[in-house]
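Biologist: Please take a close look at one part of this structure, the empty space within it and what lines that space. Set it in the context of the whole chain, and keep it plain enough for a first-year student.

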Amino acid sequence: MTPLRSAASRALLALALALAGCAGQAAAPPQPLAVRPVAWPPSADLGPVRAVADDGRRVVLFHDGAAAVFVDGALARVERAPHRWVGAAALPAPDGHGTWIVGVDAEGRLLRLPGQGAFEPVSDRYGLERAPVRAALGLGGGGAAFALDGEIAVADGATVTRYATGPLATFAAGGARVAFALGDGLRALDVATRALRAYPLPDGPAPLLAVTGAGRLLAATPAALYEEDAAGVLRLRLRASAALHGLAVSGDRVWFADGDELGVLDGTGARETRGARLPRGGKLIGSPSGDVWLLASGALRRFSAGDAAPAWDDIAPVVARACAPCHLPGGEGGVDLSSPAAWTTTTSLREAIARRVLEERTMPPPGRALSEADRARIRAFVGRMRPAGPP
């Protein structure tokens with residue numbers, strides 16, 4: 001009987017160990033988020049950065065008394081202006097044609113920076129002649145939203161509608177919705193229907209709000225991050241490991257700051273960096289490129305999610321937009337860049353691309369500009385597409 005009992009005991013022990021192993025595998029932590037700093041050419045010595053506006057191709061850094069204008073990542077000009085800036089945005093033009101870069105100064109004035117020339121006041125162009133503006137945001141779909149003293153204003157190019165709210169604690173807009181926090185909770189306004197929805201939060205009022213391009217609301221308290229589901233209910237997506245203090249929508253990506261780490265929220269969940277050591281007082285600002293700006297104590301940095309080098313599907317839209325007119329098979333450029341195989345032909349070709357596109361920036365020609373995010377993708381792709389073989 002003893003041998004049988006021993007065998008049974010060993011079998012039960014093996015089963016318990018196997019089950020423990022399965023449980024350990026199921027509880028594997030998510031992979032950390034990899035990010036990379038995006039090189040950004042320094043402007044002239046203009047002092048601390050107060051705000052940044054980014055429309056994808058143009059980036060304007062607002063300093064007290066001046067603004068530095070970058071086009072395709074290169075410093076184009078510096079415009080002097082006697083203003084103390086408190087905010088900035090890229091807004092649809094009131095007539096629906098193009099995008100305006102605007103700054104909000106400490107006096108509540110909304111000022112446009114045109115492609116050439118000095119700042120010009122444009123509050124009246126948005127129907128806000130005598131209303132001090134405290135913040136401005138694009139709504140998506142051609143509209144703009146403004147935080148005023150005790151109210152919000154929504155401009156759609158034809159009309160301006162104001163809504164009394166009382167003092168605003170937080171303000172966000174996107175996807176044709178405006179979200180704001182009051183002392184008793186959150187509200188989201190659907191611009192088209194003028195329907196107002198209220199949201200309770202178990203952790204109290206949210207100090208951080210964001211709205212995606214699809215109109216989905218995100219709210220963050222220091223303790224947790226919530227995301228609106230298809231039924232319009234805020235669902236918990238993340239418990240903070242330290243304290244949440246930044247939230248921004250960048251294209252299709254949602255960024256957050258948790259203590260001194262950066263994080264990204266997507267359909268698979270939330271991931272954070274490890275050891276990023278970011279300043280905890282920084283503000284996150286979205287970019288249409290999918291990158292994120294970090295503004296802390298007057299210093300501006302830019303980060304890109306760097307999980308892996310781009311695949312051809314990532315680079316193909318850039319090639320089609322900026323390179324294909326000259327670099328299809330038989331094209332006038334004399335070099336075919338229309339397929340991944342073409343990029344791996346020779347080392348000299350890759351070196352020529354890196355030199356002319358990334359260093360000298362003489363390609364593509366005027367009229368087919370690349371954003372800084374485009375160049376970053378090309379840089380990573382060129383480094384990845386090396387033929388197999390000995391180093």
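Modeller: Two residues are in contact when heavy atoms of theirs lie within 4.5 Å of each other. With that meaning, take the contacts between residues at least 6 apart in sequence: 43% of them join residues at least 24 apart. Note that the model is predicted. The chain has 391 residues, and 44% of them count as buried. Six helices and 28 strands make up its list of elements. The exposed area of the chain comes to about 19300 Å², with 55% supplied by carbon and sulfur atoms.

Now to the part you asked about. Rolling a probe the size of a water molecule over the atoms shows where empty space is left. The second largest pocket has a volume of about 320 Å³. Its lining is made of 19 residues, and those closest to its centre are His 327, Leu 337, Ile 353, Val 357 and Met 363. By class, the lining divides into 15 nonpolar residues, two polar and two charged. Which helices supply at least two residues each to the lining of this pocket? They are α3, residues 324-327, and α5, residues 347-359. Of the elements, α5 gives the most, with five residues.

One of the residues closest to the centre, Met 363, also takes part in an unusual bond. Most residues other than glycine have a negative phi, and most peptide bonds are trans. The bond that joins Met 363 and Pro 364 is cis, with omega about -5 degrees. Pro 364 lies in the loop between α5 and α6, the latter being residues 372-384. Arg 361 is found in the loop between α5 and α6 too. Arg 361 is not a glycine, yet its phi is positive, at about 60 degrees. Because its relative accessibility is 27%, which falls between the limits of 20% and 50%, Arg 361 counts as partly exposed.

A positive phi also turns up at Ala 176, where the value is near 60 degrees. Ala 176 sits in the loop between β14 (170-174) and β15 (177-182). Its relative accessible area is 32%, so Ala 176 is partly exposed.

Besides pockets there are cavities, from which the probe cannot get out. How many cavities of 30 Å³ or more does a search of the whole structure find? The search finds one. The largest cavity has a volume of about 40 Å³. Its lining consists of Trp 40, Gly 56, Arg 57, Val 59, Asp 72, Gly 73, Arg 302, Ser 371, Glu 372 and Ala 373. Sorted by class, these give three nonpolar, three polar and four charged residues.

Filled regions are the counterpart to look at next. The largest nonpolar core has 18 residues, of which Leu 91, Leu 110, Tyr 126 and Phe 146 touch the most other members. At least two residues of this core come from each of β6 (85-92), β7 (99-105), β11 (143-147) and β12 (151-155). The most are given by β7, which contributes three. A second core, separate from this one, has 17 residues, including Val 318, Val 319, Leu 349 and Leu 370. Returning to Leu 91, and setting aside its neighbours within four places in sequence, its contacts include Trp 100, Val 102, Tyr 126, Leu 137 and Phe 146.

Two single residues show what buried and exposed look like. Leu 201 is in the loop between β17 (196-199) and β18 (208-211). Leu 201 is buried because its relative accessible area is 15%, under the 20% limit. Beyond neighbours within four places in sequence, Leu 201 is in contact with Leu 186, Ala 206, Ala 219, Thr 221, Tyr 226 and Leu 234. Its C-alpha atom is 7.2 Å from that of Gly 185, a residue 16 places away along the chain.

Lys 283 lies in strand β26, residues 283-286. Lys 283 is exposed because its relative accessible area is 52%, over the 50% limit. Not counting residues up to four places away in sequence, Lys 283 touches Trp 293, Leu 294 and Leu 295. Between Lys 283 and Ala 257 the C-alpha distance is 8.6 Å, with 26 residues of separation in sequence.

Key
Residues numbered from 1 in each chain as written. Predicted model: local features only at pLDDT ≥ 70, side-chain atom pairs only at ≥ 80, totals over all residues. Heavy atoms only, no water. Core = buried A, V, L, I, M, F, W, Y, C linked by side-chain atoms within 4.5 Å. Buried < 20%, exposed > 50% of the residue type's maximum accessible area, 1.4 Å probe, protein only. Helix = DSSP H or I, 4+ residues; strand = E, 2+ residues; numbered from the N terminus. 1 Å grid on protein atoms, 1.4 Å probe; cavity = no way out; pocket = protein on both sides within 12 Å on 5 of 7 lines; lining within 4 Å. Points joined across faces, edges and corners; volume = space filled by probe spheres on them. Nonpolar A, V, L, I, M, F, W, Y, C, P; charged D, E, K, R; others polar. Areas by Shrake-Rupley, 256 points an atom, 1.4 Å probe, with all protein chains shown as cover.
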